[in-house]
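Trainee: Could you take me through this one, a bit at a time? I'd like to practise reading a model with someone checking me.

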Amino acid sequence: MSKFVQTEESLRWFLALNEGRTKDLLGDDGCIPAMPDNDRSLSREPKGVGVNRGLISHSPYTILGGHLVESLDKISNQGFRVSQTMVQWILKMVENEDQARMIGTLTVHQSQVVFSDAFYDWRGRVYTISGESGSLQTSKASRACMEAPEAVTINVTSKEWKYALRCFAHEGWATTAGEAKAFVAAEEAKSWSEIDFMGVRAALCVLEVMGTGKTAYLLEQDATCSGFQHMAFASGDQDLAEITNATINSGRGDLYMEVARVGGIAESLSITPKEARKVSKTVVMLSGYGAGAPSIALSYFNDRVDCAPFETSEDARESGLTVSFYGMGDATYDDIVAWVKPLAKALVERFPCIRRLKQACSAYFDECAEAGNEFRWTTPDGFEAIRVMLPHEVDTSDECTVHGALPNIIHSLDGTTVRYTIRNFEGVIGVVHDAFFTTITASLRLRKCVQDAYVATHRSYPDGFPIERKSPMMPVGMCIGV
């Protein structure tokens, strides 16, 4: 069993280079400790966990032994080869020094197996990051350069290869050799910011398989709105579970398209399901976790202005700037607020369980705040999610306010699912939040393991867990992939 403790080293990691934390915990005379010696660059050998940073990022606690340390150790020992083919293709597309520096690191390691740091955030989500590049998590360009240590033989009549092609088709990528050559050529004509790096890597995979019968390509399988999948299981909401493919349904659900439809923009903008994800994802994610229309509109606005982002809604409004926005031409900040409101309303009215979950999690947060300075709970697999609420952070950090209660608790369930998958899957595995990577030949086996992980996560919650599920666990559906 893993044990959560505070040690001199874990406290040092927590305080290092953070003046606010040091003042809160050590007083005005406290000195910021030096950053512990570390090397977070890519390595050609696993470094082990707890060497380059604390086991739990931004936490004064660490973990002693048990399966939670074993999960991190397993993922830190998962190396990925840097694809020489993809690196050489990206080198042709570099436009500035920042891009050159990023791809330069990969160029040094091309054709080599490399390893990254592995650590948890305080909610138990798994991270694997080393520097600016060289992991699945740093950028899409970097991700596209990572492949399995060894190529696998592909039977083009197998269900796994057919499944990979369905995944490619779902993304609008190439599925034949002819399409693959055309796709790569089209991407070469684009600027760096427009390139679909993952699509290029998938096209190269198709060409590899057609030419050699082998590929080291890592097939990515994303969850369909994992946060809302966990909300559906936690609340027993069959409707939300079906629309997010968390449970068995008659077709493929699409939460983004459903919100766009109910909110009145799907028809007016004539958007496809793929476009709906791009258009309404910000509304869905932020309003689902409790954000209001003003802050959601600010996110949309800041993504489109040609200047430094605005910190407040008032600043955005008073700027008088306009941006190009869906179906509007030039839109002011207030125009976007008006556009957001019916979509946010559509989500919470269509799925009332979201409001109920928010209320339950907010009430639990208030209990923790009254009891002391820690927002904490234990996940189904024993991870102790502990957020120390320091005076200088309360009400200034999203994680230290009542509004962050629901997303943080839901993210801890997401972390539980990922940890189960890491522990129980045998084969090449990579994780990025709610996305899972493995070789094509192991893809369906990985999907089954993730489905089992959802069952293990939601079968029962420990005593004192902030959410009480009063309905039986639903049958698990697709959950990830297509």
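What follows is a run of questions and answers about this predicted model.

Trainee: Let's start inside. Which residues touch the most other members of the largest nonpolar core?

Mentor: That core has 92 residues, and helix α17 (residues 333–350) gives the most to it, with 8 residues. A second, separate core of 51 residues includes V87, A180, A202 and A203, so keep the two apart when you look, since a core is a set joined through side-chain atoms within 4.5 Å. In the core of 92, the residues with the most contacts to other members are L255 and F375.

Trainee: Take F375, then. Which residues is F375 in contact with, leaving aside neighbours within four places in sequence?

Mentor: We've just met F375 as one of the two that touch the most other members of the largest core. Its contacts beyond those neighbours include W122, Y364, F365 and C368. The rest of the list for F375 is A385, I386, R387, M389, A405, N408 and I409.

Trainee: Now the open space. Which element gives the most to the lining of the largest pocket?

Mentor: The pocket has a volume of about 1700 Å³, and 43 residues line it, with K140, E171, D222, R277 and K281 nearest its centre. Several elements supply at least two residues each, among them α6 (140–144), α7 (159–171), α9 (197–212) and β10. The biggest contributor, with 7 residues, is α14.

Trainee: And how many residues of that pocket lining are charged?

Mentor: Split the lining of the largest pocket by class and you get 18 nonpolar and 9 polar residues. K140, E171, D222, R277 and K281 lie nearest the centre, and Asp, Glu, Lys and Arg count as charged. For the lining of the largest pocket, the charged count is 16.

Trainee: What about closed spaces: what is the volume of the largest cavity?

Mentor: Searching the whole structure turns up 4 cavities of 30 Å³ or more. The largest is lined by 16 residues, with I75, Q78, F80, S116 and T128 nearest its centre, and both α3 (67–76) and β15 (430–432) give two or more residues to that lining. By class, the lining has 7 nonpolar, 8 polar and 1 charged residues. The volume of this largest cavity is about 120 Å³.

Trainee: How many charged residues are in the lining of the second largest cavity?

Mentor: This second cavity has a volume of about 100 Å³. Of its 16 lining residues, G48, N52, S116, D117 and A118 are closest to the centre. The lining divides into 6 nonpolar and 6 polar residues, and the charged ones number 4.

Trainee: On to strands. Which residue stands opposite L219 in β16?

Mentor: L219 is in β10 (residues 218–222), a mostly covered strand with 4 of its 5 residues buried. β10 pairs with β16 (residues 435–439) in the antiparallel sense, over 5 bridges. Across from L219 in β16 you'll find T438.

Trainee: There's an open sheet of 3 strands as well. Which strands stand at its edges?

Mentor: The order is β4-β3-β7, with antiparallel pairing. β3 (residues 80–82) and β4 are joined by 2 bridges, and F80 has V114 as its bridge partner in β4. Each edge strand has a single partner strand, so one side of it is left without a neighbour in the sheet; those strands are β4 (113–114) and β7 (146–147).

Trainee: Helix α10 next. How many of its residues are buried?

Mentor: The buried ones include S226, G227, F228, Q229 and H230. Just after α10, G236 takes a positive phi of about 75°. The helix is mostly covered, and of its 10 residues the number buried is 9.

Trainee: Last one: is N245 buried or exposed?

Mentor: N245 sits in the loop between α11 (238–243) and α12, and it has a positive phi of about 60° although it is not a glycine. H433 also has a positive phi, about 55°, without being a glycine, but H433 is partly exposed, at 26% relative accessible area. N245 has a relative accessible area of 2%, and the cut-off is under 20%, so N245 is buried.

Terms used:
Residues are numbered from 1 along each chain as its sequence is written. This is a predicted model: local features need pLDDT of at least 70, side-chain atom pairs count only at pLDDT 80 or more; totals for chains, interfaces and linings use all residues. Side-chain values use heavy atoms; hydrogens and water are left out. Buried means under 20% relative accessible area, exposed over 50%, partly exposed in between (1.4 Å probe, protein chains only). Contact means heavy atoms within 4.5 Å. On a 1 Å grid over the protein atoms alone, a cavity is a set of points where a 1.4 Å probe fits but cannot get out, and a pocket is an open set with protein on both sides within 12 Å along at least five of seven lines; lining residues have an atom within 4 Å of a point. Grid points are joined across faces, edges and corners, and a volume is the space filled by probe spheres set on the points. Two strands pair if DSSP finds at least two bridges between them.
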